[in-house]
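Hi,

Here is the structure I promised to pass on to you. Have a look at it first, and then read my notes below.

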Amino acid sequence: MFKITNRSGIDAFRAVVLAALCGLAAACASSDLPLISAAQANSELTSGYRIDAGEKLKVTVFDEETLTGEYDVGFGGVLSLPLLEPIVVKDKDTTEVARLIEARLADGGYVLDPRVSIEIVDHRSFFILGEVTTPGEYAHNGELTLEQAVAKAGGFTPRADKHKVILKRQTWEAGRLIDLDQMALQVAPGDTITIRESFF
């Protein structure tokens with residue numbers, strides 16, 4: 001620990017601290033993240049839930065218990081089932097995947113008149129960081145708003161900025177600052193949300 005014993009030294013020390021604080025504030029204020037509205041962020045999402053790697057599907061082939069089971073969607077969105085070649089299910093909805101499996105089973109002659117249903121057992125995760133009670137990784141449930149995501153993380157802290165958040169989507173090269181004042185923000189699987197501290 002050091003001690004400044006003369007007035008000029010105290011003034012110089014204060015000047016250095018003030019300059020550092022001003023620099024920090026400027027750095028925080030001059031964020032180069034693009035600002036977009038929640039409506040713009042929502043418009044980029046494909047309507048309906050799309051399957052991708054990291055999820056688990058329950059595949060039910062009616063009247064065929066040996067083909068019914070739970071299967072992980074692997075790297076690249078590939079689903080491997082008994083009897084069939086690997087199927088790419090990335091960016092497809094559950095109905096599309098069911099029809100695709102039915103076609104493969106029929107074409108291979110494995111099932112005469114296959115009827116298939118698909119249920120997502122385990123969804124991919126999203127991440128919420130910053131000014132929430134319990135930051136971390138949480139399971140997506142298929143349809144999720146920012147408000148619901150914050151609730152999963154125990155709610156906002158008293159310091160949270162509730163007007164703008166930083167959002168990074170897997171399809172974006174960098175994060176974006178989202179204005180929350182007009183519309184509820186839809187959270188996609190794989191999103192990383194950062195709740196900033198509010199400066200009054």
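To start with something small, there is one aromatic pair in the structure (rings of Phe, Tyr and Trp, the last by its six-membered ring, pair if their centres lie within 6.5 Å; planes under 30 degrees apart count as stacked, over 60 as edge-to-face and the rest as tilted).

Before going further, a word on the source: this is a predicted model, where local features need pLDDT of at least 70 and side-chain atom pairs count only at pLDDT 80 or more, while totals for chains, interfaces and linings use all residues. Residues are numbered from 1 along each chain as its sequence is written, and side-chain values use heavy atoms, with hydrogens and water left out.

Another ring contact involves Trp172: Arg176 lies over its face, 3.9 Å from the ring centre (a charge sits over a ring if NZ of Lys or CZ of Arg is within 6 Å of the ring centre and within 35 degrees of the ring normal).

Now the sheets. Helices (H or I, at least four residues) and strands (E, at least two) are DSSP runs, numbered from the N terminus, and two strands pair if DSSP finds at least two bridges between them.

One open sheet has six strands in the order β1-β10-β9-β11-β7-β8, with mixed pairing. β1 (35-37) and β8 (136-139) are at its edges with a single partner strand each, so one side of each has no neighbour in the sheet. From one strand to the next, the twist averages 30 degrees (axes are lines fitted to C-alpha atoms, for helices over the stretch in contact, and angles run from 0 to 180 degrees between N-to-C directions).

Within this sheet, β9 (160-168) and β11 (192-197) run antiparallel over five bridges, with Val165 opposite Ile195 of β11. Gly130 also stands opposite Ile195, and β7 joins β11 in parallel through four bridges. On to β8: β7 (125-130) is antiparallel to β8, again with four bridges, and Phe126 has Tyr138 as its bridge partner there. A hairpin of five residues links β7 to β8.

The other open sheet has five strands, β5-β4-β3-β2-β6, paired antiparallel. Its edge strands, β5 (87-88) and β6 (116-122), each pair on one side only. Helix α3 (94-107) packs on this sheet and touches β2 (56-61), β4, β5 and β6, at about 130 degrees to the direction of β6 (contact means heavy atoms within 4.5 Å). Two antiparallel bridges connect β3 (69-74) and β4 (78-79), and Gly74 is partnered with Val78 in β4.

Finally, what lines the largest cavity? Val59, Val61, Leu67, Leu81, Pro82, Leu84, Ile101 and Leu105 do, and β2 and α3 are the elements giving two or more residues to that lining. The volume is about 50 Å³, and the structure holds one cavity of 30 Å³ or more. On a 1 Å grid over the protein atoms alone, a cavity is a set of points where a 1.4 Å probe fits but cannot get out, and lining residues have an atom within 4 Å of a point; points are joined across faces, edges and corners, and a volume is the space filled by probe spheres set on them.

Best wishes

Terms used: 1 Å grid on protein atoms, 1.4 Å probe; cavity = no way out; pocket = protein on both sides within 12 Å on 5 of 7 lines; lining within 4 Å.
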